[in-house]
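Hi,

Here is the structure I promised to pass on to you. Have a look at it first, and then read on for what turned up.

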Amino acid sequence: MARLFALLAVTALLVSGCVRVHGENSVVPATTPQEAAEALARYAAIGNEANPVYDAELNPEIDTGPLGEINQAGHRARSAVHPEGNPRYRPLDFTDARFAIPRQAGWPKFFLADAESGREGDANRWLLVFTRNSIEEEWCASYLAVVPPEEVPELLVDGDGWAEAVPVAGEADRLSGAYAEFLARGSGSTDGAPDDASGGGPIVFAEGRHTTGEVERRAEEGTRPEFVVQYRDLKAEAAAHAPVGLRTVDGGALVFFTSHHHEKKTWAEGETPVVDEYVEALMEGTAERSVTSERLSIQAAAVPVEGGPVRVLARIAMTVGAKGG
């Protein structure tokens, strides 16, 4: 990883200020290191304005895609529950920033920022995928993963210091369906679960908090007598939720992908539904017997070359809508 960012630092001196990236047809770097650094600084500045007051209207200035949907729903819910805002908010002040910028043709384009948050006590690396659909747009973050530094995979770079994007039609595109099927089978239900057999053999997930741990959490919740929970896990199909990935030095990939999850909680006859206050803030209708929550989750995964288990390094999940019934 150190070699990657040392090369990019040198590249910044060579190209900053003299390259205008169009890339409609040519395979060119998605951006310059200088512009990437400016995008990260802008993200912190606007985030530090929007986040303390849960401003869902300002957030789209810096977040897009699945991360935007998650954060905007989170702001709406939290502002309803805490109209006073968050007085304990700790500002972002990114340090030790590194950038992995792939060569790409066409749009959208993306790059990865890897930095420390600057928050006291937070030793994790913040991995932010920035994307845009044209040269006229601002860079916005579509994915975020907060990962311990020792778990961040080392990315492959070429002789000029540019990273290598993983084709979406390859292993990256299969992860969302495979992950949804894994959770569906683990939770005892395969209804509506997508098939992962899109070529290349079955995908196996390593044990961990976001795989077997999530299955165990669901199983434990299912033992409670006052309600039952039904899950439906789905592959992300929308273009705005497309995965992105970068090749790692071992031939594998670091991939960011989205999945969709519906959770229907139905209370037993005579029980009074107890609805989470943040879910209730987003809910349509009244919870007379049940609440169906629509949840969106984003994952960062280390994908091996072939055959080995996929490690889900980080996951962010949020209720983005709910209906009472």
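**The enclosed space**

A search of the whole structure turns up one cavity of 30 Å³ or more. Please keep in mind that this is a predicted model. The largest cavity holds about 50 Å³ of space. Its lining is made up of E214, R217, R218, H261, E263, R295, S297, R315 and A317. Four elements each give two or more residues to that lining: α5 (212–221), β9 (253–267), β11 (290–303) and β12 (311–324). Of these, α5 gives the most, with three residues. By class, the lining of the largest cavity has six charged residues, two polar ones and one nonpolar.

**The two pockets**

Now for the open spaces, which may interest you more. The largest pocket contains about 670 Å³ of space. It has 26 lining residues, and those that lie nearest its centre are N51, N71, R78, R119 and W126. Helix α3, together with β6 (140–147) and β12, make up the elements that give two or more residues each to this lining. The largest share, six residues, comes from α3. Sorted by class, the lining of the largest pocket comes to 13 nonpolar, seven charged and six polar residues.

The second largest pocket has about 520 Å³ of space. Among its 21 lining residues, R217, E221, E263, R295 and T319 are the closest to its centre. Here the elements that give two or more residues are α5, β9, β11 and β12, and those four elements are also the ones named for the largest cavity. R217, E263 and R295 line the largest cavity too. The residues around the second largest pocket divide into ten charged, eight nonpolar and three polar.

**Helix α3**

Since α3 gives the largest share of the lining of the largest pocket, here is a little more on that helix. It covers residues 65–81, which is 17 residues, and it reaches 25 Å from its first C-alpha to its last, close to the 24 Å expected at 1.5 Å a residue. Its buried residues are G65, P66, L67, G68, I70, Q72, A73, G74, H75 and A77. As a reminder for reading that list, an α-helix has 3.6 residues a turn, so residues three or four places apart point the same way.

**H241 and its surroundings**

Which residue of α3 has a side chain in polar contact with the side chain of H241? That residue is E69, and the distance is 2.7 Å. H241 is placed in the loop between β7 (227–235) and β8 (244–247). With a relative accessible area of 6%, H241 is buried, because the cut-off for buried is under 20%. Leaving aside residues up to four places away in sequence, H241 touches G65, P66, E69, Y143, A236, T258, H260 and L296.

**Backbone points to check**

A few backbone details are worth a look before you set anything up.

- W107 and P108 are joined by a cis peptide bond, with omega about 0 degrees. P108 sits in the loop between β3 (103–104) and β4 (109–116).
- Y54 has a positive phi, near 55 degrees, in a residue other than glycine. Y54 belongs to the loop between α2 (33–50) and α3, and at 13% relative accessibility Y54 counts as buried.
- D96 also has a positive phi without being glycine, near 50 degrees. D96 is part of strand β2 (residues 95–100). Its relative accessible area is 39%, so D96 is partly exposed.

**The chain as a whole**

To finish, here is the wider picture. The protein chain has six helices and twelve strands. Of its 325 residues, 49% count as buried. Among contacts in the chain with a separation of 6 or more, 70% are between residues 24 or more positions apart.

Happy exploring, and write back with any questions.

Best wishes

Technical notes: Residues are numbered from 1 along each chain as its sequence is written. This is a predicted model: local features need pLDDT of at least 70, side-chain atom pairs count only at pLDDT 80 or more; totals for chains, interfaces and linings use all residues. Side-chain values use heavy atoms; hydrogens and water are left out. On a 1 Å grid over the protein atoms alone, a cavity is a set of points where a 1.4 Å probe fits but cannot get out, and a pocket is an open set with protein on both sides within 12 Å along at least five of seven lines; lining residues have an atom within 4 Å of a point. Grid points are joined across faces, edges and corners, and a volume is the space filled by probe spheres set on the points. Ala, Val, Leu, Ile, Met, Phe, Trp, Tyr, Cys and Pro count as nonpolar, Asp, Glu, Lys and Arg as charged, and the others, Gly among them, as polar. The expected span of a helix is 1.5 Å times one less than its number of residues. Buried means under 20% relative accessible area, exposed over 50%, partly exposed in between (1.4 Å probe, protein chains only). A polar contact is a pair of N or O atoms within 3.5 Å; within protein, one must be able to donate a hydrogen and the other to accept it, and residues adjacent in sequence count only if both atoms are side-chain atoms. Contact means heavy atoms within 4.5 Å.
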